[in-house]
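The following exercises concern one protein model. Please work through each task with the sequence and the structure in view.

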Amino acid sequence: MVKLTKIYTRGGDKGETSLSNGERRKKFDLRVEAYGRVDEANAAIGVVRLHLAGQPEDAMLGRIQNDLFDLGADLATPEEENPKWPPLRVTDPQVD
C-alpha cells in the first residue's frame, strides 16, 4: 500500500489555487466554489454507486458522474479568445 505523508505542489497556498490555464484565483472565488461543489456531488454519487453495483440506477449515475466531470473541467477553464486547444465545454444535451 502506498503511504503519502507529504504532498508538495510548489505553488504555495496563500489562499489561492490555479485554474486549468494556470490563472490564480482566491479559494473563495465563486468559480472555485462551484467546481468544488460539483466535485463533492460527484464523490457522493460515487459512494451511492458502491451500494448499487449491478443495478440499473448504477449505470444512470455513472453517466451523471461523467457529465459532472465535464462540468468541473468546464468550470475550471476560463473563456479565452482563440485558445491553442479548445477546452471541453458542457453541451446542451448534457444539461437536458
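**Exercise 1.** Determine which residues L68 is in contact with, leaving aside its neighbours within four places in sequence.

*Solution.* Contact means heavy atoms within 4.5 Å. By this criterion, L68 touches V38, N42 and I45 once the neighbours within four places in sequence are set aside. The model is predicted, and local features need pLDDT of at least 70, side-chain atom pairs pLDDT 80 or more, whereas totals for chains, interfaces and linings use all residues. Residues are numbered from 1 along each chain as its sequence is written, and side-chain values use heavy atoms, without hydrogens and water.

**Exercise 2.** Identify the residues that make up the largest nonpolar core, and the helices that supply them.

*Solution.* A nonpolar core is a set of buried (under 20% relative accessible area, 1.4 Å probe, protein chains only) Ala, Val, Leu, Ile, Met, Phe, Trp, Tyr and Cys residues joined through side-chain atoms within 4.5 Å. The largest such core has five residues: V38, I45, L52, L61 and L68. At least two of this core come from each of α1 (30-51) and α2 (56-75); helices are DSSP runs of H or I with at least four residues.

**Exercise 3.** State the order of helices and strands along the sequence.

*Solution.* With strands taken as DSSP runs of E with at least two residues, the protein holds two strands and three helices. Their pattern along the sequence is β-β-α-α-α.

**Exercise 4.** What share of the 96 residues counts as buried?

*Solution.* Of the 96 residues, 18% are buried. The C-alpha trace spans about 45 × 40 × 25 Å along its principal axes.

Terms used
Buried means under 20% relative accessible area, exposed over 50%, partly exposed in between (1.4 Å probe, protein chains only).
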